[in-house]
Amino acid sequence: QRCVRGPVKMSDPNFLPEIENAIASGTVNQRLRALKRIADLFANGSSRYSIDQIAVFDDVLIKLAEMVETGARARLARRLASLPDAPPRMVRALAFDPEIEVAGPVLVQSERLGEDDLVENARSQSQAHLYAIARRRELSEAVTDVLVERGNRRVVHEVASNAGARFSDSGYGKLVGRADGDD
């Protein structure tokens with residue numbers, strides 16, 4: 001196996017065959033290497049890619065992410081979380097990963113997750129997922145309603161102290177109700 005030095009380039013004649021091989025029949029190490037190379041390639045040029053090119057990255061990353069272990073998915077999540085143009089289906093898949101070390105970074109940071117994604121996640125995932133959502137810079141009324149309804153004490157405290165959280169009248173009422181007797 002050859003060692004890659006310097007930035008990854010799609011023009012490298014070995015690049016696409018290596019990725020195709022990793023997806024089709026690669027070893028765990030080959031898949032990990034391919035996932036890292038694709039993630040690096042995307043992250044290093046994300047602002048220059050068209051919607052169609054981002055869709056290709058989305059397809060490839062999803063296929064590779066399904067074939068790797070939790071630690072690799074967590075590294076991918078950390079790499080993509082802060083990119084405003086990250087592949088949307090990959091970000092959503094990471095956000096709904098049952099392992100919080102994978103889901104957490106995108107739930108806290110990713111601008112690619114819309115209100116519907118956050119509400120669905122808050123309705124269906126663990127308290128750790130809810131806590132990550134509660135730490136986002138901004139929270140809509142629909143999201144805080146679910147967090148206050150489903151969240152444990154830690155989640156509710158985080159939502160209540162989040163300066164970017166907006167509350168509906170109903171959500172605020174539930175928050176006040178939950179605060180009764182809570183020092």
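Nine is the count to start from: the structure, which is a predicted model, holds 9 salt bridges. Side chains of opposite charge can pair when their charged atoms come close. One of these pairs joins K36 and D40, whose side chains meet with 2.7 Å between N and O. Both residues belong to helix α2, which covers residues 28–45, and they stand 4 residues apart, about one turn of the helix. The two partners differ in their surroundings, because K36 has a relative accessible area of 52%, which is over the 50% that marks an exposed residue, whereas D40, at 14%, falls under the 20% that marks a buried one. The pair also belongs to a network of salt bridges in which K36, D40 and R79 are linked.

A second salt bridge, between R89 and D58, has its closest N and O atoms 3.8 Å apart. This pair links distant parts of the chain, since R89 lies in helix α5 (residues 88–95) and D58 in helix α3 (residues 51–65), with their positions 31 residues apart in the numbering. Here R89 is partly exposed, with a relative accessible area of 44%, while D58 is buried, with a relative accessible area of 3%. In a further salt bridge, the side chains of R75 and E69 meet at 3.8 Å, N to O. R75 counts as partly exposed at 46% relative accessibility, and E69 is likewise described as partly exposed, with a relative accessible area of 39%.

Another arginine, R73, can be found in helix α4, which runs over residues 70–80. Is R73 buried or exposed? With a relative accessibility of 15%, R73 counts as buried. Its side chain is joined to that of D97 by a polar contact of 2.7 Å. Leaving aside residues up to four places away in sequence, R73 touches A65, V68, L94, D97, E99 and V102.

From here the path leads to the nonpolar residues. In soluble globular proteins, nonpolar side chains tend to be buried together. In this model the largest nonpolar core has 55 residues, and those with the most contacts inside it are L76, L80, M90, L94, L107, I133 and L147. L80 gives a view of such surroundings, for it touches F42, L61, A86, P87, M90 and L94 when residues up to four places away in sequence are not counted.

I133, also named among the core residues with the most contacts, is one of the buried residues of helix α8, together with H129, L130, Y131, A132 and A134. Because 6 of the 8 residues of α8 are buried, this helix is largely enclosed by the rest of the structure. The cover over its buried residues includes α5, α6, α7, α9 and α10, the last of these spanning residues 153–160. Helix α7 (residues 115–124) has buried residues of its own, namely D117, L118, V119, N121 and A122, and these pack against α5, α6 (100–109), α8 (127–134) and α9 (141–150).

How far the reader may trust such details depends on the confidence of the prediction. The mean pLDDT of the protein is 89, and 89% of its residues reach 70 or more. Over residues 1–8, however, pLDDT stays under 50, and for this stretch the model has 11 contacts beyond four places in sequence. Where pLDDT is low, the predicted coordinates should not be read in detail.

Conventions
Residues numbered from 1 in each chain as written. Predicted model: local features only at pLDDT ≥ 70, side-chain atom pairs only at ≥ 80, totals over all residues. Heavy atoms only, no water. pLDDT = per-residue confidence, 0-100. Contact = heavy atoms within 4.5 Å. Salt bridge = Lys/Arg side-chain N within 4 Å of Asp/Glu carboxyl O. Helix = DSSP H or I, 4+ residues; strand = E, 2+ residues; numbered from the N terminus. Buried < 20%, exposed > 50% of the residue type's maximum accessible area, 1.4 Å probe, protein only. Polar contact = N/O pair within 3.5 Å; in protein donor to acceptor, adjacent residues only side chain to side chain. Core = buried A, V, L, I, M, F, W, Y, C linked by side-chain atoms within 4.5 Å.
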